[in-house]
Amino acid sequence: MNKFLFLGAVLGLGLLGAAEPAELIKKCAGCHGASMDKKAFGKGHVVNTLDSATIKEDLKGYKAGTLNRYGMGAVMHTQTKPLSDAEIDALAKYIPTLKK
């Protein structure tokens with residue numbers, strides 16, 4: 001019984017923690033580049049030039065399905081929907097650090 005409680009606690013704690021932004025960013029790199037220095041599909045902004053507040057606001061808008069900047073709302077909604085608020089916060093802080 002104690003083994004099951006311990007395993008449940010470990011799994012539960014793992015679900016509470018957000019993934020590291022360096023890992024999360026790998027999903028974005030295909031369109032935005034590894035350093036977030038490319039315009040996805042030749043549209044929009046170079047993401048690493050945006051400030052954290054703008055990145056956070058945009059990610060939350062895409063996740064909610066209320067933002068459709070450059071016609072990319074559906075694609076970005078699919079990408080951002082699984083992100084937790086903590087992961088969005090972490091990405092918003094991390095992406096501006098990728099400027100070269």
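Author: A pocket is an open set of 1 Å grid points over the protein atoms alone where a 1.4 Å probe fits, with protein on both sides within 12 Å along at least five of seven lines; lining residues have an atom within 4 Å of a point. This model is predicted: local features need pLDDT of at least 70, side-chain atom pairs need 80 or more, and totals for chains, interfaces and linings use all residues. Numbering runs from 1 along each chain, and side-chain values use heavy atoms, without hydrogens or water.

Reader: Which helix gives the most to the lining of the largest pocket?

Author: The largest pocket has a volume of about 560 Å³ (space filled by probe spheres on points joined across faces, edges and corners). Helices (DSSP H or I, at least four residues) are numbered from the N terminus. With six residues, the top contributor to the lining is helix 2.

Reader: Is His32 buried or exposed?

Author: His32 sits in helix 2 (residues 21-32). It is among the lining residues closest to the pocket centre. Its relative accessible area is 14%, under the 20% cut-off, so His32 is buried.

Reader: Which residues in helix 4 does helix 3 meet?

Author: Contact means heavy atoms within 4.5 Å. From helix 3 come Leu59, Tyr62, Lys63 and Ala64. Their partners in helix 4 are Gly73, Met76, His77 and Thr80.

Reader: At what angle do the axes of helix 3 and helix 4 cross?

Author: Axes are lines fitted to C-alpha atoms over the stretch in contact, with angles from 0 to 180 degrees between N-to-C directions. Those of helix 3 (residues 52-64) and helix 4 (residues 73-80) come within 7 Å and cross at roughly 95°. That makes helix 3, by the 65 to 115 degree range, roughly perpendicular to helix 4. The crossing angle is roughly 95°.

Methods
Helix = DSSP H or I, 4+ residues; strand = E, 2+ residues; numbered from the N terminus. Parallel < 35°, antiparallel > 145°, perpendicular 65-115°, else oblique. Buried < 20%, exposed > 50% of the residue type's maximum accessible area, 1.4 Å probe, protein only.
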